[in-house]
Amino acid sequence: MSFCIAIDGPAAAGKGTISKAVAKHFGFAHLDTGLLYRATGAKTFEGLTPIEAAESLTAKDLERDDLRSGDAGQAASRVAAVPEVRAALVDFQQAFARREGGAVLDGRDIGTVICPDAEVKLYVIASDEVRATRRHKELVAKGEDISLEAVLEDLRERDERDAARATAPLKPADDATVIDTTEMSIDEAVAQVIALIEARRG
Ligand code: CDP
């Protein structure tokens, strides 16, 4: 049987960590759809057009070690605004969402476009400052030399671009449950989400 959990929200709100923990708890497969856009964006560094990059994407492209960088994030949000890029990535995500045994997908348009009939839809948010502080810590731990202010600016710029685009913009599905993680530890957020999904599964 399939069971799709859609987790959307702005940059660095905690989607990735929550998704991984939820997938582990329920024994579901997890797809970080941001990686598809980051890998597509990173391929444009080598001269491919965004559409060529998306259409030629392979599993190997997702293994690049620069995908979590700020540059890859910016490139991702630029290519993600191109309708043909999104179209090239839809089938893979939809098949993943309906695989046997359950799936958790996190991104920007999972509950609105990829899996509008998802059994559970969450929209994870946190204040700009908290998101920037969390992402800054991650990037510094990876060896990136970047200020907190630059991270905050990067998140706001991407969110604005993601929310303003015409195709599959960043926004909560009408029937999504909003989880604000500003005042929560990761453990608290994960526990709340697991309780909500368990209630929904009956
Ligand atoms: O980890 P973070 O929240 O910073 O970003 P991400 O989930 O890795 O996504 C990187 C970029 O890919 C976003 O800023 C979006 O522009 C784009 N994206 C998208 O358009 N649709 C998705 N389903 C996932 C990501």
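Me: A residue is near a molecule if one of its heavy atoms lies within 4 Å of it. In this predicted model, how many residues are around the ligand, and which come nearest?
Reply: The cut-off for being near is 4 Å. The shell around the ligand holds 18 residues. Those that come nearest are Arg38, Arg86, Arg135, Arg158 and Asp162.

Me: Which pocket does the ligand sit in?
Reply: The test is that more than half of the ligand's atoms lie within 2 Å of a pocket's grid points. One pocket has a volume of about 670 Å³ and is the largest. The ligand sits in that one, the largest pocket.

Me: Which residues lie nearest the centre of the largest pocket?
Reply: The lining counts 33 residues. Helix H1 (15–26), helix H2 (33–44) and helix H7 (128–141) are among the elements that each supply at least two of them. Nearest the centre lie Ala12, Lys15, Arg38, Arg68 and Arg135.

Me: How many residues of the lining of the largest pocket are charged?
Reply: The lining divides into three classes. Eight residues are nonpolar and nine are polar. The charged ones number 16.

Me: How far is an oxygen atom of the ligand from an N or O atom in the side chain of arginine 38?
Reply: A polar contact needs a pair of N or O atoms within 3.5 Å. Arginine 135 places a polar side-chain atom 2.7 Å from a ligand oxygen. Threonine 33 has a side-chain N or O atom 3.0 Å from a ligand nitrogen. For arginine 38, the distance to a ligand oxygen is 2.6 Å.

Me: How much of the ligand's accessible area does the protein cover?
Reply: On its own, the ligand has 530 Å² of accessible area. The share covered by the protein is 97%.

Me: Which element gives the most to the shell around the ligand?
Reply: By class, the shell has five nonpolar, four polar and nine charged residues. The top contributor gives four residues. That element is H2.

Me: What is the volume of the second largest pocket?
Reply: Its lining has 16 residues, with Gly70, Asp71, Leu139, Ile146 and Asp154 nearest the centre. By class they are four nonpolar, four polar and eight charged. The volume of the second largest pocket is about 180 Å³.

Me: Which elements give two or more residues to the lining of the second largest pocket, and which gives the most?
Reply: The elements giving two or more residues are H4, H7 and H8. The top contribution is five residues. It comes from H8.

Note on methods:
Residues numbered from 1 in each chain as written. Predicted model: local features only at pLDDT ≥ 70, side-chain atom pairs only at ≥ 80, totals over all residues. Heavy atoms only, no water. 1 Å grid on protein atoms, 1.4 Å probe; cavity = no way out; pocket = protein on both sides within 12 Å on 5 of 7 lines; lining within 4 Å. Points joined across faces, edges and corners; volume = space filled by probe spheres on them. Nonpolar A, V, L, I, M, F, W, Y, C, P; charged D, E, K, R; others polar. Polar contact = N/O pair within 3.5 Å; in protein donor to acceptor, adjacent residues only side chain to side chain. Areas by Shrake-Rupley, 256 points an atom, 1.4 Å probe, with all protein chains shown as cover.
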